[in-house]
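Got the viewer open and a hand on the mouse? Let's take a walk from one selection to the next.

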Amino acid sequence: MDLGIGGRRALVCAASKGLGRGCAQALAAAGVDVTIVARAEADLRSTAEAIEARTGRRVQWVAADITTPQGRAAALARCPDPDILVNNAGGPPPGNFRDWDRDAWIRALDANMLTPIELIRATVDGMIARSFGRIVNITSAAVKAPIDVLGLSNGARSGLTGFVAGIARDVARHNVTINNLLPGPFETDRLRSMVAARAVAAGQSFDAALQAGRDANPTGRFGTADEFGAACAFLCSVHAGFIVGQNLLLDGGAYPGTF
Ligand code: NAD
């Protein structure tokens, strides 16, 4: 399917690895001029080269911490006026809420709520002026079904979700859509580090804990970053202009509800 976004510009945050990389890869494959952001230059460079080799598109990169004002300014300087914005950042650490002080909460809110809101604020009016915009926020299945040890994530991402629900309706008449993608278990570095912590707590080997995670999913496996990227690229396509303010769960059917 031609996604109809060839030649559009995309800023994809936290994209040297994992789900962000999957989104950047799928957008580049659709002919989009992609700029990727992450903190480590070496990873970014090799990811940009790998995507270029697979898609034949030139990929720009910016080494920056997207959760800081300076990092966001650097990203927007390299990719001013994106038509497509994929908001993403590292997830907060797991833990017990009794141990989280105000600083821990502010870090989580900065990364997983205020950073996407700031980037939306910086880019949405340009999208409105050009009568095309697609914003996808990578949140988490934890927004729909909270995970006890990820209270920082549950809280910060729910704040973003509430905000997006309001403004998505406000900008939709300008052909600007804002939606959230809610990943369940995708096999990335982040998932592997969470599984490693769970294995230690349960006195299990890492491989046994990994397999238990796969077995627990209705599909019998974890999702892949390529699958996640393909869903993101479709949401960014010309065909998805009527999908507005939605929270799309990609979890292999792990959430057991009818809706
Ligand atoms: P990952 O660890 O595989 O990749 C994270 C990427 O973000 C890397 O490229 C890293 O360099 C970059 N990054 C992290 N912090 C950054 C920052 N401050 N500034 C710029 N770049 C930064 O993680 P992932 O699995 O792809 O997860 C992406 C997001 O999705 C996270 O917020 C995670 O919590 C969430 N999530 C993931 C899963 C899963 O199963 N993988 C499930 C639910 C939610």
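Start by selecting Thr 161, which sits in helix H5, residues 151–171. (Helices here are DSSP runs of H or I with at least four residues, strands are E runs of at least two, and both are numbered from the N terminus.) Before you go on, know that this is a predicted model: local features need pLDDT of at least 70 and side-chain atom pairs count only at pLDDT 80 or more, while totals for chains, interfaces and linings use all residues. Residues are numbered from 1 along each chain as its sequence is written, and side-chain values use heavy atoms, with hydrogens and water left out.

Is Thr 161 buried or exposed? Thr 161 is buried, at 13% relative accessible area. (Buried means under 20% relative accessible area, exposed over 50%, and partly exposed in between, with a 1.4 Å probe and protein chains only.) Now show what touches Thr 161: setting aside neighbours within four places in sequence, its contacts are Val 143, Asn 180 and Asn 247. (Contact means heavy atoms within 4.5 Å.)

Stay on H5 and click Ala 165, also in that helix. Ala 165 is partly exposed, with 34% relative accessibility. Try a distance to Val 244: the two are 79 residues apart in sequence, yet the C-alpha atoms are 8.9 Å apart in space.

Next, add helix H4, residues 102–130, to the view. H4 and H5 pack at about 15°, with their axes 8 Å apart. (Axes are lines fitted to C-alpha atoms, for helices over the stretch in contact, and angles run from 0 to 180 degrees between N-to-C directions.) That angle makes H4 roughly parallel to H5. (Under 35 degrees counts as roughly parallel, over 145 as roughly antiparallel, 65 to 115 as roughly perpendicular, and the rest as oblique.) The crossing of H4 and H5 is right-handed, the near helix being turned clockwise from the far one by less than a right angle; anticlockwise would be left-handed. Color the residues that meet, including Trp 105, Met 113 and Ile 120 in H4 and Leu 152, Arg 157 and Phe 163 in H5. By class, this contact has 16 nonpolar, four polar and one charged residues. (Ala, Val, Leu, Ile, Met, Phe, Trp, Tyr, Cys and Pro count as nonpolar, Asp, Glu, Lys and Arg as charged, and the others, Gly among them, as polar.)

Now for another pair: select H1, residues 18–29, and H8, residues 225–235. Their axes come within 7 Å and cross at roughly 55°. That makes H1 oblique to H8. This crossing is right-handed, and among the residues making the contact are Leu 19 and Cys 23 of H1 and Phe 228 and Cys 232 of H8. The contact has nine nonpolar, four polar and one charged residues.

Move along to H7, residues 206–216, where Ala 209, Leu 210, Gly 213 and Arg 214 are buried. Look down the axis of H7: its buried residues fall within an arc of 140°, so they line one face of the helix. (The arc is taken from the directions from the helix axis to the C-beta atoms.) Those buried residues pack against helix H6, 189–202. Flip to the face turned away, and you'll find the exposed residues Asp 207, Asp 215 and Ala 216.

Last stop: Ala 38, in strand E2, residues 33–38. Ala 38 is buried, at 10% relative accessibility. Leaving out neighbours within four places in sequence, its contacts include Ala 15, Leu 44 and Val 62.
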